[in-house]
Amino acid sequence: LGALRRAVEDRLGRAGVDTPGLDARLLVQHALGLEREALVTRAANVLTAGKVALVDALAARRAAREPVSRIVGRRGFWSLDLALDPATLDPRPDTETVVEAVLKTVPDRNAALAIIDLGTGTGCILLALLDELPNATGLGIDLAPGAVATATDNAARHGLGERARFAPGDWNADDWDEELPAGRFDLVVSNPPYIPTGDIATLAPEVRRHDPFAALDGGADGLKAYRVLAPRIARLLRPGGVAALEVGAGQAAAVAGLLAAAGLTPDGVFCDLGGIERCVRARAP
Ligand SMILES: C[S@@+](CC[C@H](N)C(=O)[O-])C[C@H]1O[C@@H](n2cnc3c(N)ncnc32)[C@H](O)[C@@H]1O
């Protein structure tokens, strides 16, 4: 077992994986269903050929730069363990900045708030908020039917299915405004696609080959979705309601400007753990 783990680590290192030791451990544990300590206490165990083949198959996928989270089909976000599928973005720790920015503005966590999450993916932002706000209800919208299905399952698995609803929708569609009630939401959250199209080819293979293009592509300058969303968000918010949007590095000022032009008042920019401006918050008059 110990030798197999070291061999996987070497293989991943040669393939250019950033964290070969950690990833080798996680994949061996996942393939063999072992706790972390077992890798130490049973390092001298001899494995069957079948078990070695299981580990090899996962190591080959990681060496081809599929992320560990996609291989194991799960990702931790906030306090939740979420399922992923090919239609969903792999949730990033940076996105927890949006959850924090919203919670900082909620005076009463027991209030019956109505939340909408635009481009919900796995449902990560909405579900983290519902977990923190026990009387809130939420609607998550996504273009991708696979994301809607995965987010629905994630809600059910965390006991949030009664308060979360997910539906397909396209904010570029002409009938978008007819589908959703105006002035009803206390909180609008979104992590829209914001990578400039031309930059996508330069991203790490884990991202460009495995995150859905529709979850990444922000148009020529990365701001295409914000231009469409800003007036739509202003219409959805009730007076005094709050919007919190994730932004890419260097986009905060432009996004705050778009929200202001739509009639909202920007009231804060929040940094991720790397010190990058990651979330713009704004309030409806
Ligand atoms: C950056 S991902 C964010 C996913 C999730 N909220 C998260 O933070 O991990 C953007 C999401 O927006 C969805 N999306 C892209 N264009 C859309 C559109 N026109 N209408 C609705 N959803 C869209 C994508 O399918 C994707 O799930």
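Visitor: Which residues of helix 6 are buried?
Guide: This is a predicted model, in which local features need pLDDT of at least 70 and side-chain atom pairs count only at pLDDT 80 or more, while totals for chains, interfaces and linings use all residues. Residues are numbered from 1 along each chain as its sequence is written, and side-chain values use heavy atoms, with hydrogens and water left out. Helices (H or I, at least four residues) and strands (E, at least two) are DSSP runs numbered from the N terminus, and a residue is called buried under 20% relative accessible area, exposed over 50% and partly exposed in between, with a 1.4 Å probe and protein chains only. In helix 6 the buried residues are Thr97, Val98, Val99, Ala101, Val102 and Leu103.

Visitor: Why is helix 6 described as largely enclosed, and which elements are included in its cover?
Guide: Helix 6 spans residues 96–103, and because 6 of its 8 residues are buried, it is largely enclosed by the rest of the structure. With contact taken as heavy atoms within 4.5 Å, the cover of its buried residues includes strand 1 (74–77), helix 7 (124–132), strand 6 (185–190), strand 7 (237–246), strand 8 (265–271) and strand 9 (277–283).

Visitor: Is Leu80 buried or exposed?
Guide: Leu80 belongs to strand 2, which covers residues 80–83. Leaving aside residues up to four places away in sequence, Leu80 touches Arg75, Leu127, Ala128, Asp131 and His158. Because its relative accessible area is 5%, Leu80 counts as buried.

Visitor: Which residues does Ser69 touch, residues up to four places away in sequence not being counted?
Guide: Ser69 sits in helix 5, residues 68–72, and with a relative accessibility of 6% it counts as buried. Apart from residues up to four places away in sequence, Ser69 touches Arg74, Arg75, Leu84 and Asp90.

Visitor: How many salt bridges does the structure hold?
Guide: Side chains of opposite charge can pair when their charged atoms come close. A salt bridge is counted here when a side-chain nitrogen of Lys or Arg lies within 4 Å of a carboxyl oxygen of Asp or Glu. One of these pairs is Arg74 with Asp81, whose closest N and O atoms are 2.8 Å apart. The number of salt bridges that the structure holds is 18.

Visitor: How many residues apart are Arg92 and Asp211, which meet in a salt bridge?
Guide: The side chains of Arg92 and Asp211 meet with an N to O distance of 2.6 Å. Arg92 is partly exposed at 25% relative accessible area, whereas Asp211 is buried at 5%. This pair of Arg92 and Asp211 links distant parts of the chain, with Arg92 in the loop between strand 2 and helix 6, Asp211 in the loop between helix 10 (205–208) and helix 11 (213–216), and a separation of 119 residues.

Visitor: Which residues are linked in a network of salt bridges?
Guide: Besides single pairs, such as Glu132 with Arg109 at 3.3 Å from N to O, the structure has a linked group. The residues in this network are Asp23, Arg62, Arg65 and Glu206.

Visitor: Where is Asp174 placed?
Guide: Asp174 counts as exposed because its relative accessibility is 79%, and it gathers with Asp175, Glu178 and Glu179 in a patch of negative charge on the surface. Such patches are made of residues with over 30% relative accessible area and no salt bridge, like charges being joined within 9 Å and nonpolar side chains (Val, Leu, Ile, Met, Phe, Trp, Tyr) within 5 Å. Asp174 is placed in the loop between strand 5 (164–168) and helix 9 (176–179).

Methods: Accessible areas come from the Shrake-Rupley method with a 1.4 Å probe; for residues, only the protein chains shown count as cover. Lys and Arg count as positive and Asp and Glu as negative; His and the chain ends are not counted. The place of a charge is taken as NZ of Lys, CZ of Arg, CG of Asp or CD of Glu.
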